[in-house]
Amino acid sequence: AEARRKIIAGNWKMNKTVPEALALVRELRGVVSALGDKVELVIAPPFVALHSVAQAIEDSNLKLAAQNCHWEVSGAFTGEVAAPMLKEVGCAYVIVGHSERRQFFGETDETVNKRSRAVLKAGMVPIICVGETLAEREGNQTLEVVERQVKGALAGFSAADVARFVLAYEPVWAIGTGRTATSAQAQEVHVAIRSQLARLYDGAAAGQVRIQYGGSVKPDNAAELLGQPDVDGALVGGASLKAGDFAAIVKAGV
Ligand code: PEP
């Protein structure tokens, strides 16, 4: 009987110019305002839109996330963005270790850990993504892979830190493919992660951590996924780019 408030986050990926982002926010504000704070709502636009979007969601029930950050606070790291910069423009969360970053940009469990530390130190909360590839699932390695990613990401954090974190279980084969994990597959992995957290930290911390599911979440499958006892929200890619779809997913989680 834990009271974990569901958290639905929209990962816009590399989509939306600043004017397009503002137009989407305007629409979103309208369709989610009636939901109040029953569900925690987060949007993650591209870096260049964060500042404008932060202003556009003031006095709304939407919170802001970045899609990545560097682990150093400043310096000679051309092209990177530091966590304190994201905090300063109004981010509450940073997505860390998204599978696209692991696949295409060399992200490892170690760099996920370093980025997560930077996020926490800057006063934000990481949304840490984990998940197996199709080959790993077919090779019955799902739980082993996910547990290795969780352990690596969380190395060195205290139970109090971890209790505030958001984890996102995102099977790689379900991201952007239209193929969703069944609710039973999602629930199985979420339970495994929560048991692992109880072993690594304690039952209280494990009970507080919110674990989102991500991977082709759409209005028509959201209620089933979000109805699982250990699915505490969703990380939504494609469907978060349409205000109506995002709102429908959010309503499914209320
Ligand atoms: C994601 O980007 O985290 C994601 C789950 O994408 P999609 O919903 O498009 O599968």
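These notebook entries record what I looked up in a predicted model.

**Entry 1: helices H5 and H7.** I began with the packing of helix H5, residues 109-121, against helix H7, residues 142-154. Their axes lie 7 Å apart and make an angle of about 40°. H5 and H7 are therefore oblique to each other. I noted that the crossing of H5 past H7 is right-handed. On the H5 side I listed Asp109, Glu110, Val112, Asn113 and Ser116, which meet Arg148, Gln149, Gly152 and Ala153 of H7. Sorted by class, this contact comprises two nonpolar, four polar and three charged residues.

**Entry 2: the nonpolar core.** I then turned to the largest nonpolar core, which has 77 residues. Ala65, Val94, Ile127 and Leu167 have the most contacts inside it. I followed up Leu167: leaving aside residues up to four places away in sequence, Leu167 touches Ile128, Val130, Val150, Ile193, Val209 and Ile211.

**Entry 3: positive phi values.** Most residues other than glycine have a negative phi. I therefore recorded two non-glycine residues with a positive value, Asp59 with phi near 60° and Ser216 with phi near 55°, against that general background.

I located Asp59 in the loop between helix H2 (50-56) and strand E3 (62-66). Ser216 is in the loop that runs between strand E7 (210-214) and helix H11 (219-226).

Is each of these residues buried or exposed? Asp59 has 5 other C-beta atoms within 10 Å, so I entered Asp59 as exposed. Ser216 has 20 C-beta neighbours inside 10 Å and therefore counts as buried; the cut-off for buried is 20 or more.

Key:
Residues are numbered from 1 along each chain as its sequence is written. This is a predicted model: local features need pLDDT of at least 70, side-chain atom pairs count only at pLDDT 80 or more; totals for chains, interfaces and linings use all residues. Axes are lines fitted to C-alpha atoms, for helices over the stretch in contact, and angles run from 0 to 180 degrees between N-to-C directions. Helices (H or I, at least four residues) and strands (E, at least two) are DSSP runs, numbered from the N terminus. Angles under 35 degrees count as roughly parallel, over 145 as roughly antiparallel, 65 to 115 as roughly perpendicular and the rest as oblique. A crossing is left-handed if the near helix is turned anticlockwise from the far one by less than a right angle, and right-handed if clockwise. Two residues are in contact if their C-beta atoms, placed from the backbone, lie within 7 Å. Ala, Val, Leu, Ile, Met, Phe, Trp, Tyr, Cys and Pro count as nonpolar, Asp, Glu, Lys and Arg as charged, and the others, Gly among them, as polar. A nonpolar core is a set of buried Ala, Val, Leu, Ile, Met, Phe, Trp, Tyr and Cys residues joined through C-beta atoms within 7 Å. A residue is buried if 20 or more other C-beta atoms lie within 10 Å of its own, exposed if 12 or fewer, and partly exposed in between; C-beta atoms are placed from the backbone.
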